[in-house]
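Student: I would like to go through this model one element at a time. Please keep the answers short.

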Amino acid sequence: MKLRSVRISNYRSVEDSTEFEIDDVTCLVGKNEAGKSAILLALGALNPDEATPITLDKERDYPRRNLVRYEQLHDDGEAIVASTTWELEDEDIVVIAEALGDGAMKSREVEVILRYGGEREVKASIDYSVCIAHFLGLFKLDAPDRSQVGKPRTTTELIANLNDLDDPSSKQEELRDYLNDHGSVVSQLNSLILHQMPTFMYVSSYDRMDGAIQIEQTRERISTGEIDNEEQRGSRLFVDFLEYAGVPIDEISDVSTYETFNAWLKAASTNITEQVLEYWSQNPDLDVEVTIDQARPGDIAPYNEGSIARARIKNNLHKVDTPFSERSAGFVWFFSFLVKFAQIRNDGTGTILLLDEPGLSLHGKAQADLLRFIDDRLAPSHQVLYSTHSPFMVPVERLHNVRIVEDRIDTTATPRRSDGTKVSQDVLMVDEDALFPLQGALGYKATQTLFIGEHTLLVEGPSDILYLQALSQELRRRKMEGLDPRWTLCPAGGIDKIMPFVSLFTGNIAQIAVLSDVAQGSKAQVQKMRESDVLRAGHFYAVTEFVDKTEADIEDLFDPEFFSTIVNSSFNLVDPNVVSATKLDEDEFTQRLVKKVERLFNVFPDDIPLFDHFTPADWLIRNPQLLSDENEKTNETLAKAEDIFRTFNDLLD
């Protein structure tokens, strides 16, 4: 059976969650105290796993503000806590067909409801005629026998008719006894559905594996069942770890020679290291070692006698190994989680996993590793519902799997009142706090991909991109060297923003290079960028390296008269308010062409708009024919541009 939708009501902060769909992996996102745990607990109470029993208590769990009105609000029976919709799978249909007849179910969809008191109801669409025909055929009632039981519409009527017979035949008696023992179709179907329904394992306290166990003592605890006590959970995980590693504790004592024993442990260490490092990308230089040695009398009890199994972590980079228990809290948590849920994955049951806030102690990238483990190892065997308020636990590639949980407040009421916890699939209809983790995840994803290519050339602004594109197109038209199309041009927003931009994307892009403007006061920043380790050596260039100036922008590639033509055309300037090389040369305050033009525009009449960088660049990309003239000024501009493109093309791997 597959869980397809859930509606939680009358449970703690949840008066009515509204119905929401369930996928193979479903992520409940919301801030603290929004009611995420309440949703998972109420669902888990529907059919709790033995390992995580959940019971309903009306006085504890029913919404407090309505408790005194409970009988009034629910005069038709106990309050409903969970309403769930399930889809029957092929194996479920086969079991039902064997018991009730082929075609007994009109639909694969069934509803299961949980009420206070633990009462569960099943609602399904049944074809009673098929079921009655099945039972009559199962006990081989002939035509006279069938005529005596009449034409019942339900199995309840069939049972009543059989019980009313004064002198039933042997076959009628067998059918009557069978139905009296097993009940009506509705009763039998309820039993079949509830028996086939997966259990729910709710996990909020994530056990941490012990770093060592005493073999003989642990085997004794296994035989008595003490190993499953709460205080022995760390040891229980170590036993699971040995089995996960391929050296089950029951088989350890059967190995009679040192070489066999040593080879077995080495193989187990290699096996567990490969499995762990597949999902632990934080440090690829670790090895997990399994050791079993005689105790040393100086160690603390119980590790001072008998045989001791230990997990040790070796750091190949630092050439040191440490006990498992002394590793970082994040690593211990992640390792323990993998061991526990790898065993669950292999147990062959249809358990649905309800994980409350997993991975909170993990670094953001380790949380991404945890998501990979859930998708790769758990989801193929178990449906998983997990709650989070971490952006790194939001599956941005599958936003259709995300449900937003919020404690919705009615701000129009006086005083304000809560409408209780709501679950929404529409992220546009929730408040900012509830949406924040999703916004964070989307923002992080966007910054890793927006405008970014495998080879990214950072420039300062959009106008730089347009100028370089126009120059590159003309160079290629002339069979000269333009910018290699593998480069993706990306605006960084200024020299002061290039450093944080590069730092943000380092490791996510194969190659980043920078072409920077140089202004008065920015030379120290330029030098810092050159010396920074965030860029590969030789991947930072300033425009000043391609023009004969100590300060320069992309616009300084152009001859002053040529650039004046671009400006005049783009702003439709006419005499006496035209830009010329002569006017620009009169400004000795700066070397930068674009700043000279800005200062000139500042003294133009008010009916002329202020100068902006983008308008001339936009005009040139729309009128590239200006660059096609074969004259000295144009050729000099293109030669400088070709020098830039050749320099950056040579950087490509």
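Student: Which residues in helix α23 are buried?

Tutor: This is a predicted model. Buried means under 20% relative accessible area. In α23, which spans residues 614–622, the residues that are buried are Pro-616, Ala-617 and Leu-620.

Student: Within what arc do the buried residues of α23 fall, seen down its axis?

Tutor: Residues three or four places apart in an α-helix point the same way, because there are 3.6 residues a turn. The buried residues of α23 line one face of the helix, since they fall within an arc of 95 degrees.

Student: What covers the buried residues of α23?

Tutor: Helices from elsewhere in the chain numbering take part in the cover. They include α17 (462–477) and α20 (560–571).

Student: In the open sheet of six strands, what is the strand order?

Tutor: The pairing in this sheet is mixed. Its edge strands, which pair on one side only, are β8 (200–203) and β16 (417–424). Read across, the order is β8-β13-β14-β4-β15-β16.

Student: Which residue of β14 is the bridge partner of Asp-356?

Tutor: Strand β13 (residues 352–356) pairs with β14 (residues 384–388) in the parallel sense, over four bridges. The β14 partner of Asp-356 is Ser-387.

Student: What angle does the direction of helix α15 make with that of β14?

Tutor: Helix α15 (residues 364–378) packs on the sheet and touches β4, β13 and β14. Its direction and that of β14 make an angle of about 170 degrees.

Key: Residues numbered from 1 in each chain as written. Predicted model: local features only at pLDDT ≥ 70, side-chain atom pairs only at ≥ 80, totals over all residues. Heavy atoms only, no water. Pairing = 2+ DSSP bridges. Helix = DSSP H or I, 4+ residues; strand = E, 2+ residues; numbered from the N terminus. Contact = heavy atoms within 4.5 Å. Axes fitted to C-alpha atoms, helices over the stretch in contact; angles between N-to-C directions. Buried < 20%, exposed > 50% of the residue type's maximum accessible area, 1.4 Å probe, protein only. Arc of directions from axis to C-beta.
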